[in-house]
Amino acid sequence: MILILECIIACGIFSLIVLPSLYKNPLKHIMSYPKEIRIRVENLPQYKDTITNIEKRHLSIKIISILVFAIVLAAVAYYSGAKAFSSAFIYVLILFFVVNIYDLLILDIWIFCHSKKTRIPGTEDMDKEYRNPWHHIKGAGLGIMIGTIVSLLSGSIVHIISLLPLSLIFK
């Protein structure tokens, strides 16, 4: 039961991280947009300098996010009762998988594909590209791979913590 509650909370937190930023400035998320839209935006003169800066920050933000998620989810798994590598790995993988499916179905296919708030000025005529779910389905596949990496890292963190004497953990 606690895992279900944690999945619901994780989906809510993920929405609070993504949606306000996406609605305020969709351009910040350009690296997550379908290729055809990215190409159009890169060719629009008003975004030329902005896109270069966003591309540089994108990879470093992803790497930092993976590390932060691994640590946070290791703590969640540990305090939810997963005290070994395998149980923490499975616990975190389930959490990540549920959020990934939520992201695909609700945030990407339902909201992104159909909301005018996610449209970048200069691409309003690209309705077909915005509504195409295949980009998001491929992204969910990548999300599963990232989730596996995060789960491996989280499981490793829990394993290392389980090897420490209790006096160091609860000091």
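## Overall layout

Helices here are DSSP runs of H or I with at least four residues, and they are numbered from the N terminus. With that in hand, this predicted model is easy to read along its sequence: the protein chain goes α-α-α-α-α-α-α. That makes seven helices and zero strands.

As for overall dimensions, the C-alpha atoms of the protein chain fill a box of roughly 60 × 30 × 25 Å, taken along the principal axes. The chain has 171 residues, and buried ones make up 32% of them.

## How α4 meets α6

Let's look at one helix pair. Helix α4 covers residues 85-112 and helix α6 covers residues 134-163; the two pack with their axes 8 Å apart, at an angle of about 155°. Angles over 145 degrees count as roughly antiparallel, so that is the label α4 and α6 get relative to each other.

The crossing itself, with α4 passing α6, is right-handed. Sorted by class, the residues in the contact of α4 with α6 come out as 16 nonpolar, ten polar and one charged.

## The largest pocket

Both of those helices turn up again around the largest pocket, where α1 (2-24), α3 (48-79), α4 and α6 each supply at least two lining residues. About 1,800 Å³ of space lies in this pocket. Its lining runs to 46 residues, and the ones closest to the pocket centre are Phe14, Val18, Lys62, Phe69 and Asp103.

Which helix gives the largest share of the lining? That would be α3, which puts in 13 residues. By class, the lining of the largest pocket is made up of 28 nonpolar, twelve polar and six charged residues.

## A closer look at Ile161

One residue of α6 is worth a stop: Ile161 lies in that helix. Is Ile161 buried or exposed? Neither label fits: Ile161 has a relative accessible area of 25%, and buried means under 20% while exposed means over 50%, so Ile161 counts as partly exposed.

Ile161 also gives a handy sense of distance within the model. Taken C-alpha to C-alpha, Ile161 and Gly122 are 51 Å apart in space, with their positions 39 residues apart in sequence.

Conventions: Residues numbered from 1 in each chain as written. Predicted model: local features only at pLDDT ≥ 70, side-chain atom pairs only at ≥ 80, totals over all residues. Heavy atoms only, no water. Axes fitted to C-alpha atoms, helices over the stretch in contact; angles between N-to-C directions. Parallel < 35°, antiparallel > 145°, perpendicular 65-115°, else oblique. Left-handed = near helix turned anticlockwise from the far one by under 90°. Nonpolar A, V, L, I, M, F, W, Y, C, P; charged D, E, K, R; others polar. 1 Å grid on protein atoms, 1.4 Å probe; cavity = no way out; pocket = protein on both sides within 12 Å on 5 of 7 lines; lining within 4 Å. Points joined across faces, edges and corners; volume = space filled by probe spheres on them. Buried < 20%, exposed > 50% of the residue type's maximum accessible area, 1.4 Å probe, protein only.
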